[in-house]
Amino acid sequence: LRTVDITAKTWYYRLNCENVGALAGYIIGCNIINCTAMGAIKVSGAEAVGGLIGHYVHPTSPWPPSTSYVINNCWASVEISNLYNYEYASHGNPDLVNYSSASFVGGLIGECNSTTTNDFEWGWEYYTTVSDCHAYGDIVWVKDERDTNRDSVIQNVGGFVGSASGGKFARCCAKGEIDAIGAGAGFAGNVYYDAVFENCYARGNVTLPSWFIYGSYGYSWYG
């Protein structure tokens, strides 16, 4: 995909858009191989925004999963930035216009909910593997001077993936820059449960409030 230009606007007060990606917004259990995207995504408020995929989910039924999936040899050079819905000013409610927030934002994948099982006889088995993928796009989330809402920040932003839950990431890199008001990290903004990272790195500059920078990997829950 080339010259992608996506604008996703908040529809109502604090009702964010969900699952925004240049290739796909929401994917449940499939192989994604040799896919690329270039362009820009602008959102006024959103959850799960990725340069290539907004939200990837590995099926949880049946359990345990019987099929493994891969995201392999993909890359995205998509700038992700915020905007404001000032056309809603006629509603007379400042909260409708002075709000621009997001969570789970990543240069390649916004939110990746995979599945990792532990077979004590055969060892770890990863049912979704993200490998040899690259994120080049910048993530820019700045606050408008007219914005007085303290919630207008970006949470769980990562140069490669905003939130990773389970699965395996191997030989992946993030080379874009992050300039935002909020919390995140150079590679993964949020790491849940048993997500595994092997030979992954982030190279771009990260500019966040000093108390919100977590190096290459952000929050870690049970990991």
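This passage walks through the strands and sheets of a predicted model.

The chain has 223 residues, and 52% of them count as buried. Its secondary structure consists of one helix and 27 strands. Contacts that link separated parts of the sequence are a good place to start: among contacts with a separation of 6 or more, 82% join residues 24 or more positions apart. As for the outside, the accessible surface of the chain is about 10300 Å², and carbon and sulfur atoms contribute 51% of this area.

Two of the sheets can be followed strand by strand. One is an open sheet of five strands with parallel pairing, in the order 2-6-10-17-22. Strand 2 (17–21) and strand 22 (182–185) lie at its edges; each has a single partner strand, so one side of each is left without a neighbour in the sheet. On average, neighbouring strands here are turned by 15° against each other, direction ignored. At one edge, strand 2 pairs in the parallel sense with strand 6 (residues 45–50) over four bridges. Within this region of the sheet, Val20 stands opposite Val49 in strand 6.

The other open sheet also has five strands and parallel pairing, and its order is 4-8-14-19-24. Here the edges belong to strand 4 (32–33) and strand 24 (196–198), and because each has a single partner strand, one side of each is left without a neighbour in the sheet. Strand 24 pairs with strand 19 (residues 168–170) in the parallel sense, over three bridges. A residue to look for in the structure is Ala170, which stands opposite Glu198 in strand 24.

How values were computed
Residues numbered from 1 in each chain as written. Predicted model: local features only at pLDDT ≥ 70, side-chain atom pairs only at ≥ 80, totals over all residues. Heavy atoms only, no water. Pairing = 2+ DSSP bridges. Buried < 20%, exposed > 50% of the residue type's maximum accessible area, 1.4 Å probe, protein only. Contact = heavy atoms within 4.5 Å. Areas by Shrake-Rupley, 256 points an atom, 1.4 Å probe, with all protein chains shown as cover. Axes fitted to C-alpha atoms, helices over the stretch in contact; angles between N-to-C directions.
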